[in-house]
Each structure stands twice: as structure tokens, then as C-alpha cells.
Amino acid sequence: MSLMISVSGIRGVFGTDLTPENLTRFTAAFGHWSGGGKIVVGRDTRVTGQICEDIVCAVLQSIGCDVVKVGVAPTPTVAMGVLKHQADGAIIISASHNPEEWNALKLLNSKSEFLDESQGKKVIEISEDQSYSYKKYDEVGTVTEDDELLNYHIQKILDLPYIDRDLITSKNFSVAIDPVNGTGAVSLPQLLEALGVDTIHAINDEPTGIFAHVAEPLPEHLGDICELVKEKNCDLGIVTDPDTDRLALVTDKGNLFGEEYTQAAAFDFLLDKKAGPCATNLSSSRVAEDVAKKYDQKCHRSSVGEINVVKKMQDVDAVIGGEGNGGVINPDLHYGRDALVGTAMILQLLAERDISAEEYRNSLPNYYMRKSKMQLTDVDGDALLEKAKSKYADYNPDTTDGVKIDFEDGWVHLRKSNTEPIIRVYSEGISPEKAEELANTVVSAIQ
């Protein structure tokens, strides 16, 4: 494994790939790119988080940046810190759902958004050229601390006109949580209490950064929370990843809601309040279109990647957006995935409609997704994509990001990987068998 460098930051195993040297170089490049302004710095609960934070803050000061340290905080909370402090950017020290030996720097600009491609490439260029300089002793930046940022974030959620704490409180919800020893261990209980949820059952809720199970909130990792919901007769189960930007749900019957359905529920909730389009990426479930059609709205599709969804949202003035990995993007708060505001919206939906989580999930159409890949050994990936585009021209394939072909009973999306010699093959159908059949048909047609 080697250091992974992308427009959104750097990521690697601490001590081998992610070292003090490359943390220093990349931080200095970002500080220089930001103009030596004010930078918010936060981290998740990983064991190496404090070490990385010390390096990052010292380097930013050395470049001349004024640092606002927020300590252990969810990624969306750090994003809110950029807005609160009118900062020039932020560095989030978190490797998201990667294992605990990993860490990363994730970069936000002055709009509290992840860097776009041109911005990220410029930071990479500066880091490679080392075209930055350190300040003299009397020009270094300052460090201040903000211990109230999570309170600020939660209050902004409570201030949203469609979040009614009194109504949520009146339902006496019982909620189970699994924050997988990440920042949700700190933020979820505080949010739920602020929303009037008094009964909280928690597992894996010590913010140690040593994850009790694989940190990505996928079905195969969530058996314990499903059992807890049933054992304690909870109304809802909530699972977050280590930096609390992805949200997975469990119904009151202990059944997984499905990550793809988190954003669908958020769309359903907000489109009922505000007229306007929504947006998600090309590899997210068709259920997003179904929800949009319910309100006579259009669901726009972007390339895969959070910043691409955000740009599409801004282009079409979307009132809500997200990604099928449990990401809810509510622009009334900020342009970024946020499991905390997603949690508040889901509880509000259940309270308003006086419906159980199981009943609500059963009201949505069922789709089944399949993810596979094609190896590209001695094969031109671009040629295969062109062949798919030509072969299925009658279906007007979307070529925004690879090739996506929509069929009556499902779809297939082909994308070249940026890191491996493969084409990723995503498919969805009205049954697991249909999802597999569609993928196999397309792959066979272009091989």
C-alpha cells in the first residue's frame, strides 16, 4: 500500500504511508493555497488523531495560518465550523470508514465544501513543488480552541423550521445507536437528548478509535445493532461511520433499512416541505427518482463523489441531495454529508406521519443492488466503455461518469477505477436475480 493522493486530500496507513513528512508537506501546501488565512482543524477518534493534529496545527502556524482547533468532532461539525468562524478552509483528520491503522487529511474550502478538481490539483501541485515558505518567528499564526462547536451544530439543526423538538419529544422514542467507537459516540447522544429522545441504548459508544467491527456501515457488519433494537424494543436504530457523515438505519423490527434508502427517506421528508429538485450520483438507487416523482420533481444525477453531487445541487438549485452510501446533504445547513441532520429529519418524519420505521420502509419500493468488477489486464478500459455506449445507444446511456444504461426494470453503471486496473460494474434491479442478469448481459455484450 502507498499513500493515496487525491483532490480531496491524502490517505494512508499511519507510520508507513502516512508519515510526519508527508503530513507536513501536504498541510503546508494547503495552508499556502488558502492564503495563510484562518483554518479550522478537527479530527475523529483514531489513536493517531492527536499526533496528526499536533503536526497539522504546528505546520499551519508555521505557514502563517491562524488555527481554530475543535478537537474530536464529526466531519459535518468541522464543516459547520468553517461557516461559524468565516474561515478560509478546514482540515479534517479522518480516514472515514477505513480501518483504525489508517488516517487521512480531508480538505474543505472557504465555502465549507470539499475541494473541487481544480482546487485539489493546485494543492497537489504546490505539495509536489514545495512552493511554500515558512514564516519568521514574529509572523507565525495563532491557535485558538472552540469547545462549543458541536453545540453550535446541534442548535443549527434545532433551528431548522421543519424540526419540531416538542413533537419528537411527545413520541417518547427509544433509539439504539452504534457509532462504532467514532465521533458519533460523542455527538449522537448529545443530538438525541437535544431532540428530546430520553431513552438511548448504545453499543460501541466509547470514542476510542478502536473499532468494534468493520467501520463501514454495511449489512454484514451490523448484526449486533439489529439484535439490540429487538432486545430493547427500540423505535429506531442508528449507525454512523467513524466521522459521522454516513447514516444507516435499523427499523423497529430489527431489519436493516438499507443505506440507499437513507437518502430516499430524507428526500421524501424535505420534498414534502419544500418544492424543488433533488440530486444524487449515478450509482445511487432508482428509489430516489421514485420519491422525486411523488412530488412532481426531478432527481438530477452527477458523477460519483460528494463534491460532484454538491456541484450538481448548486447547478440545479436542489433543495436536498445525497449519496446512496447513507449520505444526506441538506443545503439549509451546509453543503456536505451530515448524519446528524439526517437523524433529526428521520425522527421528524416518523413523528409527523405517526408511522413506525418498519411501516415507513415497507412503503417504499424495493430495489436490489449488485456491485462487481471487470479486470482490465491487457484490455483498454476506454474502448470497453465506448463499446457499451455504442451497443446500447438506443437506451440513450448517460456518459457523465463512465456509461450508465437505464432499462425498464433496472440499470447498469460502468466506471473505470482511478486506483485499480478494473471497471466497476454497478447494477440494480427489481430483484437480486434481475440485478445480476442485467450486469451479466451488459458485461457479456462488451467483452
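Two strands count as paired if DSSP finds at least two bridges between them. Helices (H or I, at least four residues) and strands (E, at least two) are DSSP runs, numbered from the N terminus. This is a predicted model, in which local features need pLDDT of at least 70 and side-chain atom pairs count only at pLDDT 80 or more, while totals for chains, interfaces and linings use all residues. Residues are numbered from 1 along each chain as its sequence is written, and side-chain values use heavy atoms, with hydrogens and water left out.

**Stop 1: the sheet around E14**

Select residues 320-323, strand E14, and add 278-281, strand E12; the two run parallel and are joined by two bridges. Cys278 has Ile320 as its bridge partner, and Ala279 has Gly321. Now add E15, which runs antiparallel to E14 and is joined to E14 by three bridges. One pair to display is Glu323 with Gly327. The hairpin of E14 and E15 has three residues between the strands, and Gly326 there has a positive phi near 90°.

Show the side chains of E14. Ile320 and Gly322 point one way, Gly321 and Glu323 the other, and all are buried (buried means under 20% relative accessible area, exposed over 50%, partly exposed in between, with a 1.4 Å probe and protein chains only).

Zoom out to the whole sheet: four strands, open, with mixed pairing, in the order E13-E12-E14-E15. Strands E13 (299-302) and E15 (327-329) are at the edges with a single partner strand each, so one side of each has no neighbour in the sheet. On average, neighbouring strands are turned by 20° against each other, direction ignored.

Next select helix H9, residues 259-271, which packs on this sheet and touches E12, E13, E14 and E15. Contact here means heavy atoms within 4.5 Å. The direction of H9 makes about 175° with that of E14; axes are lines fitted to C-alpha atoms, for helices over the stretch in contact, and angles run from 0 to 180 degrees between N-to-C directions.

**Stop 2: helix H8**

Select 223-231. Which residues of H8 are buried? They are Ile225, Cys226, Leu228 and Val229. Seen down the axis, they fall within an arc of 160°, so they line one face of the helix; the arc is that of the directions from the helix axis to the C-beta atoms. Asp224 and Glu231, on the other side of H8, are exposed. The cover over the buried residues includes strands E8 (174-178), E9 (199-202), E10 (236-240) and E11 (247-250). After H8 comes Asn233, with a positive phi near 55°.

**Stop 3: Thr240**

Thr240 is in strand E10. Is Thr240 buried or exposed? Thr240 is buried, with a relative accessible area of 0%. Leaving aside neighbours within four places in sequence, Thr240 is in contact with Asp178, Pro179, Val180, Gly184, Leu188, Arg246 and Ala339. To link back to the hairpin, draw a distance from Thr240 to Gly326: their C-alpha atoms are separated by 8.9 Å, with the two residues 86 apart along the chain.

**Stop 4: Asn109**

Select Asn109, in the loop between strand E6 (102-108) and helix H4 (117-129). Asn109 is buried, with a relative accessible area of 5%. Not counting residues up to four places away in sequence, Asn109 touches Trp33, Val82, Asp88, Gly89, Phe114, Leu115 and Gln119.
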